[in-house]
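User: I'm new to this one and would like to learn how to read it. Could you walk me through a few features?

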Amino acid sequence: MDEHPTERYEIPRLPAGDAGQAYLVVFTGGMFGLVHRLRPGETTIGRHPDADLYLRDEGVSRHHARVVCAPDGSAEVCDLGSTNGTFVNGRRIDRQALRDGDRIQIGPHALLQFCLRDSLEEQFQQQLFELATRDPLTGIANRRSFTQRFRDEFRYACRHGRPCSLILFDIDRFKAINDACGHAGGDAVLRQVAALVERLIRREDHFARYGGEEFVIVARDLTGEQALARAESLRRAVEQAEITHDGRAVPVTISLGVVTYTPGRFATPESMFEEADRCLYLAKQRGRNRVEGAVGATT
């Protein structure tokens, strides 16, 4: 969008001695604590997956705002004609120069802070975020992050009458893999399966390790039929993947349970998760390496 073309104005420069690397720190939802480094040029902020800083919040417009940053860290934020507005330190703005510590509110709920930091501060903040939201073995989201994101997506689906799908899966006969390859081999399998699935899902999907060998994907606006097709493609991809440990191939398959929220279905996110877990159990009972789903319009 070109509501505020950058060539029409100059970014105010920082006073001598104040130059530093510029960052946006996210203080909202499952992204709490995320540090986004600002490069010289434009950074778009919004709910569209192609935004440079992608915020998963229903109050954020698809292309909500942009920050224009100079090489010395000086920056301005511009609203892009958003529905719910952009605010700096509580005041709604169209365009505003940013100073270290400024609070930027994107829509009614999403809160960012503009910071100038050195590299050690950035690393420390990023490590705190990773510890809070990432599984240390696989590098994907952890159970805590999933729980927050799933609640947000469930509320969004209920409020807007939109579909939301949950794909729950685990690795078949994982104990046998551990027994044959040792715990190091089991860890290697978990990492490789997680990396494969992460490459295959959409950017806007939320993929997490729920615990042990169990994983979960939350997919907004994915219908039941689409979710079943996605689950089947993941099942085939894992079955056909060349997963190895110590130079030896390790045959791996997964079983998947799929459930989709539609209007009038499921009163709570917990009940939806329980149904996905039941479908996963059914896939195990029926021979493993298969997909079972409950994606009808009513319970």
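User: Let's start with strand 12. Which residues sit on each of the two faces of strand 12, and are they buried or exposed?

Analyst: On one side you have C164, L166, L168 and D170, on the other S165, I167, F169 and I171, and all of them are buried. Buried means under 20% relative accessible area, exposed over 50%, partly exposed in between (1.4 Å probe, protein chains only). Strands (E, at least two residues) and helices (H or I, at least four) are DSSP runs, numbered from the N terminus. Keep in mind that this is a predicted model: local features need pLDDT of at least 70, side-chain atom pairs count only at pLDDT 80 or more, and totals for chains, interfaces and linings use all residues. Residues are numbered from 1 along each chain as its sequence is written, and side-chain values use heavy atoms, with hydrogens and water left out.

User: Why is strand 12 said to be largely enclosed?

Analyst: Eight of the eight residues in 164–171 are buried, so the rest of the structure largely encloses strand 12.

User: Which strands does strand 12 pair with?

Analyst: Two strands pair if DSSP finds at least two bridges between them. Strand 12 pairs antiparallel with strand 14 (residues 214–220) over seven bridges, and S165 has A219 as its bridge partner there. Strand 17 (residues 254–261) also runs antiparallel to strand 12, with eight bridges; F169 is bridged to L256.

User: Which residues have the most contacts inside the largest nonpolar core?

Analyst: A nonpolar core is a set of buried Ala, Val, Leu, Ile, Met, Phe, Trp, Tyr and Cys residues joined through side-chain atoms within 4.5 Å. Here the largest has 30 residues, and F169, I171, V189, V197, F207 and V252 have the most contacts inside it. Strand 12, helix 3 (174–200), strand 14, helix 4 (224–240) and strand 17 each supply at least two residues, with helix 3 giving the most, nine. Another core, of 24 residues, lies apart from it and includes V26 and M31.

User: What about the largest pocket: how many residues line it?

Analyst: Rolling a probe the size of a water molecule over the atoms shows where empty space is left. On a 1 Å grid over the protein atoms alone, a pocket is an open set of points where a 1.4 Å probe fits, with protein on both sides within 12 Å along at least five of seven lines; lining residues have an atom within 4 Å of a point. The largest pocket is lined by 25 residues, with Y54, R56, R134, R203 and D205 nearest its centre. Strand 2 gives the largest share of that lining, three residues.
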